[in-house]
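Ready for a few exercises with a protein chain? Try each task yourself while looking at the structure, then check your steps against the worked solution.

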Amino acid sequence: MEIGPLEYVVMGLEDDRFTSDILPELNTIQQSGLIQVVDLLFVRKATDGAVTIQEVSELDEQEQQGYIALGENLGGVLTAQDVEQLAKDIPAGNEAVI
């Protein structure tokens, strides 16, 4: 399957707003065919600048429920270099979804 062009979106996370507000809208937009989410990562940048990454597949079973519609399309497109470059713009002590 050919995909492209690709665009990255980095959204800062606050509380559970991503899963309660943004994820349902993202699912709706994808179902309409306007976009296709091909990867989704959660990134934490510690106050010392250390970056940790969590994939949807690493969420617990209950957390994964909201991502079922996206899960079929998630193909691990983002590379470690992509994440490293994008994480530079995340302020220390914050979390984001890419």
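**Exercise 1: A charged pair**

Glu95 has a relative accessible area of 36%, so it counts as partly exposed. Keep in mind that this model is predicted.

Task: Find the partner with which Glu95 forms a salt bridge, and work out where the two residues sit.

Solution:
- Start with the general idea: side chains of opposite charge can pair when their charged atoms come close.
- Now look for the partner. Glu95 pairs with Arg44, and their closest N and O atoms are 3.3 Å apart.
- Check that against the cut-off: a salt bridge needs a side-chain nitrogen of Lys or Arg within 4 Å of a carboxyl oxygen of Asp or Glu.
- Next, place the two ends. Glu95 belongs to strand β4 (residues 94-97) and Arg44 to strand β2, so the pair links distant parts of the chain, 51 residues apart.
- How open is the other end? Arg44 is partly exposed too, at 41% relative accessible area.
- Finally, count: the structure holds one salt bridge.

**Exercise 2: An acid without a salt bridge**

Task: Asp39 has no salt bridge, so say whether it is buried or exposed, and find what its side chain reaches instead.

Solution:
- Locate Asp39 first: look in the loop between α1 (17-31) and β2 (41-45).
- Asp39 turns out to be buried, and the nearest side chain of opposite charge, Arg44, is 15 Å away.
- Now follow the side chain of Asp39. One backbone nitrogen it reaches belongs to Val77, at 2.8 Å.
- The side chain of Asp39 also reaches the backbone nitrogen of Leu78, at 2.7 Å.
- Last, list the surroundings. Skipping neighbours within four places in sequence, Asp39 is in contact with Leu74, Gly76, Val77, Leu78 and Ile98.

**Exercise 3: A second buried acid**

Task: Repeat the search for Asp82, and name the side chain with which its own side chain makes a polar contact.

Solution:
- Asp82 is placed in helix α4 (residues 80-87).
- Asp82 is buried and has no salt bridge; Lys88, the nearest side chain of opposite charge, is 11 Å away.
- The polar contact goes to the side chain of Tyr8, at 3.0 Å.
- Leaving out residues up to four places away in sequence, Asp82 touches Tyr8 and Val77.

**Exercise 4: Walking along α1**

Task: Describe α1 by its span, its kink and its buried residues.

Solution:
- Take the span first. α1 has 15 residues and reaches 20 Å from its first C-alpha to its last, close to the 21 Å expected at 1.5 Å a residue.
- Then look for the bend: a kink of about 35° lies at Leu23, shortly before the proline Pro24.
- Pick out what is buried in α1: Phe18, Leu23, Leu26, Asn27 and Gln30.
- Gln31 also belongs to α1, but with a relative accessible area of 63% Gln31 is exposed.
- Step past the helix and you meet Gly33, whose phi is positive, near 90°.

**Exercise 5: Sequence versus space**

Task: Look at three C-alpha pairs and set their spacing along the chain beside their separation in space.

Solution:
- Begin with Leu6, in the segment before β1 (11-12). Leu6 is 32 residues from Val38 in sequence, and their C-alpha atoms are 8.9 Å apart in space.
- See what Leu6 touches: Val38 and Val77, with residues up to four places away in sequence not counted. Leu6 is partly exposed at 47% relative accessibility.
- Move on to Gln31 and Ala69. These two are 38 residues apart along the chain, with 8.4 Å between their C-alpha atoms.
- End with Gln36, found in the loop between α1 and β2. Gln36 and Pro91 are 55 residues apart along the chain, and their C-alpha atoms are separated by 27 Å.
- To round off the picture, Gln36 is partly exposed, at 39% relative accessible area.

Note on methods
Residues numbered from 1 in each chain as written. Predicted model: local features only at pLDDT ≥ 70, side-chain atom pairs only at ≥ 80, totals over all residues. Heavy atoms only, no water. Helix = DSSP H or I, 4+ residues; strand = E, 2+ residues; numbered from the N terminus. Buried < 20%, exposed > 50% of the residue type's maximum accessible area, 1.4 Å probe, protein only. Lys, Arg positive; Asp, Glu negative; His and termini not counted. Polar contact = N/O pair within 3.5 Å; in protein donor to acceptor, adjacent residues only side chain to side chain. Contact = heavy atoms within 4.5 Å. Expected span 1.5 Å × (residues − 1). Bend = angle between axes of the 7 residues up to and from the residue.
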